[in-house]
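Student: Could you go through a protein model with me? I'd like to ask things as I look around.

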Amino acid sequence: MGGTAPRGDATRWTTGLRLLAVGLLLLAACLCAGHARAEDGYDLWLRYHPLPAAQAGTYRSHVTQLIAGATTPTQVATRSELLRGLGGLLGQALPVADTASRDGALIIGTPVSSPLIAGLHLDMRALGREGYLIRSVVVNGHAATIIAGNDDIGVLYGAFRFLRLLQTAQPIARLDLRDWPRVKLRVLDHWDNLNGSVERGYAGASIWDWWKLPDWRAPRYTDYARANASIGINGAVLNNVNADPLILTHKYLEKVAALADVFRPYGIRVYLSVRFSAPIEVGGLKTADPLDPQVRRWWRTKADEIYKLIPDFGGFLVKANSEGQPGPQDYGRTHADGANALAAALAPHGGVVMWRAFVYANKPGTDRIKQSYNEFKPLDGKFAANVLLQVKNGPLDFQPREPFNPLFGAMPKTRLIMELQITKEYLGFATHLVYLGPLYQEALSADTMTRGKGSTVAKVVDGTLDGHALTGMAGVANIGADRDWCGSVFNQANWYVFGRLAWNPTLSARAIAEEWVRMTFSNDDAFVKPVVDMMMGSREAAVNYMTPLGLAHLMGHGHHYGPEPWDASGPRADWTPVYFHRADYAGIGFDRTATGSDAVAQYAPPVAREFASLQQIPDKYLLWFHHVPWDYRMRSGHTLWDELVMHYTHGVDAVKQMQRTWSSLKGYVDDERYRQVAAFLAIQLHEAQWWRDACIAYFQSINGLPLPVGYAPPAHSLKYYKSLSFKDVPGYSSW
Ligand code: GCW
């Protein structure tokens, strides 16, 4: 302070006042943000932050002690989750007791693990192994709540459900609910490579640290298992379907076994993607012919080795004769021959084969979307009992919108598992806010009409349509080593909704979004409603700014980043946007009616008629099935071209609206998450505008038509958009 003139009392006084004011402001800010402390997203929807005092007080009177066994690893996990969750939510540690000594005991267990539960003689037949029942009861004259199941894992699921009731501010005084999974295998498919990269992964490197496994079992593996168990996911395929054969070497199997050990208490089985030619690459054989006795013996011995290390190993996932992967057709055998050979090796141990139907190699020249059906439908009835055919939701490839895959309902004698993509390869990668609940729900609720009205895809998936007990749903994971797991907070909702719909495919995407928002952010209705609305509209926004009215696959070549509708570069025609949109001076769209590729004929007649008819086809599938002139009159009265421009523009406007919604909610969210979402929405807007402008510029270069009045021209020339090129795009080029 040398050299500064001494200040008088008055100055000191004002400075003091100022400091006090600043201090008070800071204090106020801290108090306001009390519920909104900075968060990095690591805790997902299992945050367990203290509930508002009044609410916590009510809950505390209903939950005063925990009576829970801790003999098996699953029981230990369940008890510790409840202590952690309730302790956090209620703001005080919950005492563990042996018997209900006062009102408010939370009693958990199975009739075997808990004498108190056994004494209630509950009817739990319908619950199966994984279901649970939560009920308010009276025990020893005291009000109590029970969480009961037939098996420890059901109790764990029930515990997470109970926590969710509190997390989402539901009443718990008079509970009587029971639930069980409608689908048997609820599986995440990780496209993780052994070198730590993730194909189509946008959340950093793989979470599996293969290098340090099996010695180092990162705590994160347990948190991964907790998160999955909380939504009922019970399986994980650890490695990419473009599989490295090394995963089947003993060294790697030991690593896999370590992960299986961590996951086991949480009811999660591990599965592996296998390369069909592994008997050659790992086994040193000359062939991988599935009918060769040596090859069959090799798979059997390999399966025996795996089950010695991992007694509850789930099975294999196989991508064969697809996109360059080896397969049975290399030896003149069918997909069924291939699948059954592996299935025979796993069957003695109770394992399954999930054989992917995503193939389009058999007849180049045939409409790509028809090939999988052509190839697999004739094999109905030919697959072994422990084979599931894994079918993508749509016939093409995880586009922003596709009609349902016609294989659903078309193979009644085959167990079909549905594959959805959670990672947003075609939906803006990590940064775009696109909630996939509506996409999944649209796919599941589609009516295949294969057994009359009401033969929905969901009924194929849950097995009720054709009476299958072995059923499944698989989601390509969006999980990586990023601190927030999924590359953004809102991407976590897609992991969440996948798990919830795999548990019960008839749940509503909106209800699930609401649960997630309450658990992830806040129970304040003033926040919940607008955020859920924003999420529910987000997928349609993306469809509009990327591929409206049934367009598909206009993304950048190979890496799939941004628009490249002009791309015709090969090496295969059916990898290029021009193949899919077929725009020319006269019109646009892919004629898949009888005058074109006749893909409509793969659907049940009433659906085929609807899709084939210009009068009946819903606008959203128009250009998927029809090639129509640019001046075609839409139902709205606009021409197709005008309507296309309007859809693109709506998409961009919807993102602007999302930005407005988010900025109006600043006060409800901690700064860290608020700012990331805001920044990502800015990226989304920029890229949505780019999508709109690039596509309009390109299509306009083909049809020469003016834009409808009031619609802004693209910001740049087509030449400019074509000049953009991208290197090192995340998630690309691992195979
Ligand atoms: O969508 C495509 C992806 C490939 C992927 C393939 C598949 C794993 O671009 O990266 O490969 O689908 O599902 O097999």
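Tutor: What follows is a chat about the domains, the ligand, a pocket and two spots in the backbone.

Student: Before we start, what kind of model is this?

Tutor: This is a predicted model, so please keep that in mind as you look at each part.

Student: OK, which domains does the protein have?

Tutor: The domain assignment gives domain 1 (53–179), domain 2 (185–520) and domain 3, which is made of two stretches, 544–590 and 627–723.

Student: And how many Å separate the centres of domain 1 and domain 3?

Tutor: Taken over C-alpha atoms, the centres of domain 1 and domain 3 are 50 Å apart.

Student: Switching to the ligand, which residues are closest?

Tutor: The ligand is surrounded by 15 residues, and the closest are Glu 199, Lys 319, Arg 356, Asp 397 and Glu 425. By class, this shell has 8 charged, 3 polar and 4 nonpolar residues.

Student: What does the side chain of Glu 425 do there, in terms of distance to the ligand?

Tutor: An N or O atom in the Glu 425 side chain is 2.5 Å from an oxygen atom of the ligand. A polar side-chain atom of Tyr 426 lies 3.2 Å from a ligand oxygen atom, and for Asn 242 the corresponding distance to an oxygen atom of the ligand is 3.3 Å.

Student: How much of the ligand's accessible area does the protein cover?

Tutor: On its own the ligand has 340 Å² of accessible area, and the protein covers 98% of that.

Student: New topic: what is the volume of the largest pocket, and which residues lie nearest its centre?

Tutor: The largest pocket has a volume of about 540 Å³. Its lining has 25 residues, and those nearest the centre are Arg 129, Glu 130, Lys 184, Asn 234 and Arg 269. The elements that give two or more residues to this lining are strand E6 (185–189) and strand E8 (269–273).

Student: What classes of residue line the largest pocket?

Tutor: The lining has 11 nonpolar, 6 polar and 8 charged residues.

Student: Why does the largest pocket lie between domain 1 and domain 2?

Tutor: Because domain 1 (53–179) and domain 2 (185–520) both give residues to its lining, the pocket lies between them.

Student: Last thing, the backbone: is the peptide bond from Leu 213 to Pro 214 cis or trans?

Tutor: That bond is cis, with omega near 0 degrees, and Pro 214 sits in the loop between E6 and helix H6 (219–230).

Student: And what about phi of Phe 398?

Tutor: Phi of Phe 398 is near 55 degrees, which is a positive value in a residue other than glycine. You will find Phe 398 in the loop between strand E11 (387–392) and strand E12 (415–421).

Terms used. Residues are numbered from 1 along each chain as its sequence is written. This is a predicted model: local features need pLDDT of at least 70, side-chain atom pairs count only at pLDDT 80 or more; totals for chains, interfaces and linings use all residues. Side-chain values use heavy atoms; hydrogens and water are left out. Domain bounds come from an automatic or database domain assignment. A residue is near a molecule or strand if one of its heavy atoms lies within 4 Å of it. A polar contact is a pair of N or O atoms within 3.5 Å; within protein, one must be able to donate a hydrogen and the other to accept it, and residues adjacent in sequence count only if both atoms are side-chain atoms. Accessible areas come from the Shrake-Rupley method with a 1.4 Å probe; for residues, only the protein chains shown count as cover. Ala, Val, Leu, Ile, Met, Phe, Trp, Tyr, Cys and Pro count as nonpolar, Asp, Glu, Lys and Arg as charged, and the others, Gly among them, as polar. On a 1 Å grid over the protein atoms alone, a cavity is a set of points where a 1.4 Å probe fits but cannot get out, and a pocket is an open set with protein on both sides within 12 Å along at least five of seven lines; lining residues have an atom within 4 Å of a point. Grid points are joined across faces, edges and corners, and a volume is the space filled by probe spheres set on the points. Helices (H or I, at least four residues) and strands (E, at least two) are DSSP runs, numbered from the N terminus.
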